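Student: Hi, I'm new to this one. Could you walk me through a couple of its features?

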Amino acid sequence: MRYSQMLLPTTKETPSEADVVSHQLLVRGGFIRKLTSGMYTFLPLGFLALQKVIGIVREEMNRAGAQEILMPMVQPGDLWQESGRWKKYGPELLRFRDRHDRDYCLGPTHEEVVTDIARRELQSYRQLPINHYQIQTKYRDEIRPRFGLMRVREFVMKDAYSFDVDDAGASNSYEIMRQAYYRIFERCGLEFRAVEADSGAIGGSFSHEFMVLAETGEDTLVICDACSYAANVEKAAIPPMGPPATTVALADMVKVATPGLKQVDKVAAFLQVQPADLVKTMIYLADGEPVAALVRGDREVQSVKLKNLLAADDIEPLNEEQVWQQTRLPVGYLGPLGLDIKVVADQEVMHMVNAVAGANEKGFHCTGVNPGRDFQPDVVGDLRQIAVDDRCPACGGSLRLKEGIEVGHIFKLGTNYSEAMGATFQDSDGQEKPFIMGCYGIGVSRVVAAAIEQNHDAKGIIFPVPLAPFQVIILNLGPKDDSFCQVAERLYKALRDRGLDVLFDDRDERPGSKFNDADLLGIPFRMTVGKTFEKEGKVELRFRRTGETLTLGPDEAIDRLVDLVRQTPA
């Protein structure tokens, strides 16, 4: 493609609303333009990068035996009523009615639609296993879209759905997809980890997230240094603790004045104890009902774990005003003593002895508080967020916390959807049984952003070769010199004939502008016809990632570049 003929509106200015590097560089490089909040147009260069990801995903899905289909983006509400998700999914599901007053939604995912296909078209175990996938636009009405392509309302997604006769078959389908995902992200040239994850609104019994490691990631990962264990903090388990055992004498409970002391650290300092000696009480709404969550003072409640412990559909933390409205209790002085709402305690709380807790009275705390004697939770379990001082739940090794960007998620759905929607097949004994399902998603457009978050420098993007919209950019620094133009044209034609994707910067611009744009766009290799050609008849081949530059004759440069591109894993 000739630069002069391409819509490629680069800019030096960083957009004011762009908080992360990928958003800044995608706008500056002319890859995307904002239409409205959370919705972007892919300009030609952005669409080419998107197509590179789609090509890799499609090849690996086909290689894994999945069959591509295309389902409607607009879905009838009655399917979601059948599955039970019409109300459960929440406000992210954009609902509307047609002219006949029938309920519809824009698809954030397609479990209901594909299950409807299965119950209509798959009658016998002989048709199983089967896996259908699509690459299609999705819509989720995010409350606060941000970070460019990282968290948007409309996005491109690959979603696949497997149907099996039994759990063993479903596990095999899951493993096939897990391996396919490894191949996809390895081919994309990304540093990533697969981590155990919560299944969230999709449901199911088991899931893995595929995370691209990047400092700007929205998710925190827990990684073991000694084994292969990795998990999202929402899922990272704290090993079970045995029954409490102590030889310390239990003190009497005493109410003490703590005027104006509402923070854990200030109460601890005033009472000359450690934050770990306090019971921290947080109030949430679980499916509309208030519940108190207890953790040690130096810990944090993990809301997803709380949601799962309560088997709740929705969990919402309450602010100070909301807590007062729900409980008539003062924030900062809350405690588990005498509460008339459900109390859920982290297992660690049950091992505390002679602790400090709020007295549920403004300006007062209690010392000598002991679980079992002074309060008894309704539910006890793994409630808190894991920390670096915890041990690996798999091997006991030390842990690291890393930031990551979720680009893929695979789920074991079981019979959640097939039972709810009456999707059955006839087994080898002639019995009707529900399909055992799996679900496998990749945020295709998010992969582009994640790749940039992981691969950039002060000058711009550094695309991995497989994802680059073009593999090489040719700079003609003498567009008015016939000899420069002739060799640049020869390079352009020869590289295209050898199967490379080439951007030819044939503009009549200053060399500095061309160099800056080439670096900004992140194209892996740059071939320059400039001063070296004028003096020696040679061209410069520069590596965007390392800055290494080779001076070669035109034919030698062509052969070397083709070899370099072919060395990229396929």
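Tutor: Happy to; we can talk about a cavity and then some paired strands. Keep in mind that this is a predicted model.

Student: Okay, how many cavities of 30 Å³ or more does the structure hold?

Tutor: There is one cavity of that volume or more. The volume of this largest cavity comes to about 40 Å³.

Student: Which residues line the largest cavity?

Tutor: Its lining includes Ile473, Ala518, Asp519, Ile523 and Pro524. Phe525, Arg526, Arg542, Phe543 and Arg544 belong to the lining too.

Student: And which elements supply at least two residues of that lining?

Tutor: Helix α13 (511-521) does, and so do β29 (525-529) and β30 (539-543).

Student: How do the lining residues divide into nonpolar, polar and charged?

Tutor: Six are nonpolar and four are charged, with no polar ones in the lining.

Student: Cool. Switching to strands: how many bridges join β4 to β6?

Tutor: Three bridges, and the two strands run antiparallel. β4 covers residues 74-76, while β6 covers residues 103-106.

Student: Which residue in β6 is the bridge partner of Gln75?

Tutor: That would be Cys105.

Student: What about β5 and β6, do they pair parallel or antiparallel?

Tutor: Antiparallel, over three bridges, with β5 made up of residues 95-97. Here Arg97 stands opposite Asp103 of β6.

Student: How many residues lie between β5 and β6 in the hairpin?

Tutor: Five residues. In that turn, Asp101 has a positive phi of about 65°.

Methods. Residues are numbered from 1 along each chain as its sequence is written. This is a predicted model: local features need pLDDT of at least 70, side-chain atom pairs count only at pLDDT 80 or more; totals for chains, interfaces and linings use all residues. Side-chain values use heavy atoms; hydrogens and water are left out. On a 1 Å grid over the protein atoms alone, a cavity is a set of points where a 1.4 Å probe fits but cannot get out, and a pocket is an open set with protein on both sides within 12 Å along at least five of seven lines; lining residues have an atom within 4 Å of a point. Grid points are joined across faces, edges and corners, and a volume is the space filled by probe spheres set on the points. Helices (H or I, at least four residues) and strands (E, at least two) are DSSP runs, numbered from the N terminus. Ala, Val, Leu, Ile, Met, Phe, Trp, Tyr, Cys and Pro count as nonpolar, Asp, Glu, Lys and Arg as charged, and the others, Gly among them, as polar. Two strands pair if DSSP finds at least two bridges between them.
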